[in-house]
Amino acid sequence: MSAYPFEIGEDAGQPADAMRRMNRMYRLQRHIYDATRLYYLLGRDRMIAKLRPANGANVLEIGCGTARNLVHAARLYPNAHFFGIDVSTEMLTSAIAAISRTGLVGRIKVAHGDATAVHPQKLFAVASFDHVMISYSLSMIPDWRGVLKAATDNLKPGGRLHVVDFGNQERLPAIARVLLKRWLSMFDVTPRDDLEAELLAIAETCGADLRFERPFRGYAQYAVLTLRKALEKS
């Protein structure tokens, strides 16, 4: 049984050029991705530990990659349902293998899709999500603001958006900042220095609470945006 809800392909919703670009990058890297990212994609497990989804909750990860985060979260929260989308069919190949290997096919579904135009009903036959995770993906997506809007639009009232990504490294030594940013640029990674301002604008527009941190001396940015619950009818 496949973890995909349909056959993936270039017409699955994400522009083909983005898919080709990411597939070129990850065609070989996907085999060593989890091992090599273990020590510098900081804060992922902290984000997952703070999810705490209710029983039966639907959790989406945008940019799920190899499904490393989804598998970890599904093991930690056995009564929640997990979904993931990614532009790279190469990464999704690794994801589906990991999901099958860990025996979690019944609880994790992944699909090839556009991070700026998430259609939960079409992709997963669910109306919306209780939680959306975005882990070290915004820094690789040109229209990262569109991704944040799509994520927020697909949250239920009271739902939460969880984001962790590279920060501005403002409390690291200057030489470390220069070298790190130069190295990240080799992989088309651009830290989103305006992330907090963008999330504050979204929070003000849609009526949400925002918690924003810069852990690891600014190496990372961590945010939780919580939508307010719908008012009960009198």
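Here are some short exercises on this predicted model, each with a worked solution.

**Exercise 1. How far to trust the model**

Find the average pLDDT of the protein chain, and locate a stretch where pLDDT stays under 50.

*Solution.* Start with the whole chain: pLDDT averages 84, and 81% of the residues score at least 70. Then turn to residues 1-14, where pLDDT stays under 50. For this stretch the model has 37 contacts beyond four places in sequence.

**Exercise 2. The largest nonpolar core**

Work out which residues of the largest nonpolar core touch the most other members, and which elements give two or more residues to this core.

*Solution.* Step one is the membership: the core holds 33 residues, and Leu70, Phe82 and Ile108 touch the most other members. Step two is the list of elements giving two or more residues: the helices α3 (44-49), α4 (68-76), α5 (89-101) and α8 (174-185), together with the strands β3 (108-112), β5 (155-166) and β7 (220-227). The largest share, four residues, comes from α4.

Step three is a look around Phe82. Setting aside residues up to four places away in sequence, Phe82 touches Val59, Leu70, Ala73, Ala74, Tyr77, Arg107, Ile108 and Lys109. Another core lies apart from this one; it has 32 residues, including Leu60, Ile62, Leu123 and Phe124. As background, nonpolar side chains tend to be buried together in soluble globular proteins.

**Exercise 3. Helix α5 from end to end**

Compare the span of α5 with the span expected for it, then describe what lies at its start and what follows it.

*Solution.* Take the span first. α5 has 13 residues and reaches 18 Å from its first C-alpha to its last, close to the 18 Å expected at 1.5 Å a residue.

At the start of the helix, a side-chain oxygen of Ser88 comes to within 3.3 Å of the backbone nitrogen of Glu90. After the helix comes Gly103, with a positive phi near 70°.

Now sort the residues by burial. Thr89, Glu90, Met91, Leu92, Ser94, Ala95, Ala98 and Ile99 are buried. Thr93, also in α5, has a relative accessible area of 37%, so it counts as partly exposed. The C-alpha atom of Thr93 is separated by 9.2 Å from that of Gly65, which is 28 residues away along the chain.

**Exercise 4. Two positive phi values**

Arg52 and Gln169 both have positive phi. Decide for each whether it is buried or exposed.

*Solution.* Recall the background: most residues other than glycine have a negative phi. Arg52 has a phi of about 45° and sits in the loop between α3 and β1 (58-62). Its relative accessibility is 56%, so Arg52 is exposed.

Gln169 has a phi near 55° and belongs to the loop between β5 and α8. With 0% relative accessibility, Gln169 is buried.

**Exercise 5. Two polar side chains in strands**

Find which polar partners the side chains of Asp86 and Ser135 reach.

*Solution.* Begin with Asp86, in strand β2 (residues 81-86). Its relative accessibility is 8%, under the 20% cut-off, so Asp86 is buried. Its side chain reaches the backbone nitrogen of Gly65 at 2.8 Å. Beyond four places in sequence, the residues touched by Asp86 include Cys64, Met91, Leu92 and His112.

Continue with Ser135, in strand β4 (residues 129-135). Ser135 is buried too, at 7% relative accessible area. Its side chain makes a polar contact of 3.4 Å with the side chain of Asn69. Among the other residues in contact with Ser135 are Arg44, Met47, Glu61 and Val164.

**Exercise 6. Classifying aromatic pairs**

The whole structure has four aromatic pairs. Classify Phe83 with Phe124, and Tyr136 with Phe166.

*Solution.* For Phe83 and Phe124, the ring centres are 4.9 Å apart and the planes stand at 50°, so the pair is tilted. Phe83 is in strand β2 and Phe124 in helix α6 (residues 120-124), so this pair ties together parts 41 residues apart in sequence. Both Phe83 and Phe124 are buried.

For Tyr136 and Phe166, the centres are 4.7 Å apart with planes at 75°, so the pair is edge-to-face. Tyr136 lies in the loop between β4 and α7 (144-153) and Phe166 in strand β5, so parts 30 residues apart in sequence are tied together. Tyr136 is buried at 5% relative accessible area, and Phe166 is buried at 3%.

To finish, Phe83, Phe124 and Phe129 form one aromatic cluster.

How values were computed. Residues numbered from 1 in each chain as written. Predicted model: local features only at pLDDT ≥ 70, side-chain atom pairs only at ≥ 80, totals over all residues. Heavy atoms only, no water. Core = buried A, V, L, I, M, F, W, Y, C linked by side-chain atoms within 4.5 Å. Buried < 20%, exposed > 50% of the residue type's maximum accessible area, 1.4 Å probe, protein only. Contact = heavy atoms within 4.5 Å. pLDDT = per-residue confidence, 0-100. Expected span 1.5 Å × (residues − 1). Polar contact = N/O pair within 3.5 Å; in protein donor to acceptor, adjacent residues only side chain to side chain. Phe/Tyr/Trp six-rings, centres within 6.5 Å; stacked < 30°, edge-to-face > 60°.
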